[in-house]
Structure formats: C-alpha cells, structure tokens
Amino acid sequence: MNQPPPRNLTNELAKERNRAAAERTLMAWIRTSLSLISFGFGIDQIVAAINRATTDPDVIRLSRLVGLMFIAVGVYAITIAILEHRQELKRIQRDDYLYISRRSHGVVVATSLLLIGIFAFVAILIKT
C-alpha cells in the first residue's frame, strides 16, 4: 500500500493562510472593479439625463468616453485579478513554492485612472 508522505502541519497552515490572503486580495479587487464599473455606468446615466436637457454634443461625447474608460479599467482590473488569483492558488498548492516578483496591477490601474483624469482635465480645459 502506497501512502502519501506525511504532511508538515506548519507548511499546511502557512498554505491555508496564503490561500485566505489570496481570497481577501481577490475580494478587494472585485470591490475596486465594481466601483470603477459602477462609476463609469453612473457617468453614462448622468450624461443621458444631461442629453435630454442640452444639445451640446461635445460635452455628451466627452462624458460618455470618460464613463467608458472607467468601465474598461474596471473590466481590465477584474480580469487580471481573476487570472492572478488562479495562478497564485496553483503556486500555493506546490510544495516548492517560490516567490516570483511580478508587475503590480494596482500601479497599472492607478496609472490608467491618472491618464483618464488628465484626459478629462485637458478636454474640459480646451472646451472652456
């Protein structure tokens, strides 16, 4: 009878802590992504309401574009979070877990939001 080798309890508890941390990280990314998508959708709904009250097509196009950018960043963030989470769980399951330095997706999202803000600022500045 082949029995699996005994597991080291300390290692197994460390794996469980890492798995729980990965779950918390995923949930944080879900909240962030949902906020970005909701914000973009909210901008679009406000634009639709303004559209009924005004006839300036430039304001409507700019606002709708900014809303779509927020939605795109939110979709990017949740997609990357899911992929990273799956990879992290696979790494945790291995007995030879090795830390691998990787690109910060938080910095990518923050940079995207910075660019959206600069775009909106410049577009409003040019318009007025």
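## E88 and its partners

E88 is buried in this predicted model, with a relative accessible area of 13%. Under the 20% cut-off for buried, R91 falls on that side too, because its relative accessibility comes out at 15%. The two side chains form a salt bridge, with 2.9 Å between the closest N and O atoms. Both residues sit in helix α2, 3 residues apart, so about one helical turn separates them.

E88 also has a second partner: its side chain meets that of R102 in a salt bridge, at 3.4 Å from N to O. That pair links distant parts of the chain, since E88 belongs to helix α2 while R102 is in the loop between α2 and α3, 14 residues away.

## The wider salt-bridge network

R102 turns up again with E84, and here the closest N and O atoms of the salt bridge are 3.1 Å apart. E84 lies in helix α2 and R102 in the loop between α2 and α3, so this pair ties together parts that are 18 residues apart in sequence. What about exposure at the loop end? R102 has a relative accessibility of 42%, so it counts as partly exposed.

Put the pairs together and you get one network: E84, E88, R91 and R102 are joined by salt bridges that share partners. For context, a search of the whole structure turns up 7 salt bridges.

## The largest pocket

Some of the residues just described come back when you look at open space in the model. The largest pocket holds about 330 Å³. It is lined by 18 residues, and the closest to its centre are T25, W29, E84, E88 and R102. Two or more lining residues come from each of the elements α1 (9–53), α2 (57–93) and α3 (105–127).

Which element gives the most to the lining? That is α2, with 7 residues. If you're thinking about the chemistry of the wall, the lining splits into 9 nonpolar, 5 polar and 4 charged residues.

## S33 in helix α1

Over in helix α1 you'll find S33. With a relative accessibility of 2%, S33 counts as buried. Its side chain reaches the backbone nitrogen of I78, at a distance of 3.1 Å.

## Annotated transmembrane spans

The unreviewed UniProt entry carries the annotation "transmembrane region" for residues 28–50, 62–83 and 104–126. How do those record-based spans look in the model? Residues 28–50 are 100% helix and 0% strand, and the C-alpha atoms at the two ends lie 33 Å apart. Residues 62–83 are likewise 100% helix and 0% strand, with 32 Å between the end C-alpha atoms.

Technical notes. Residues numbered from 1 in each chain as written. Predicted model: local features only at pLDDT ≥ 70, side-chain atom pairs only at ≥ 80, totals over all residues. Heavy atoms only, no water. 1 Å grid on protein atoms, 1.4 Å probe; cavity = no way out; pocket = protein on both sides within 12 Å on 5 of 7 lines; lining within 4 Å. Points joined across faces, edges and corners; volume = space filled by probe spheres on them. Helix = DSSP H or I, 4+ residues; strand = E, 2+ residues; numbered from the N terminus. Nonpolar A, V, L, I, M, F, W, Y, C, P; charged D, E, K, R; others polar. UniProt positions renumbered as here; feature names shortened; annotations may be inferred. Salt bridge = Lys/Arg side-chain N within 4 Å of Asp/Glu carboxyl O. Buried < 20%, exposed > 50% of the residue type's maximum accessible area, 1.4 Å probe, protein only. Polar contact = N/O pair within 3.5 Å; in protein donor to acceptor, adjacent residues only side chain to side chain.
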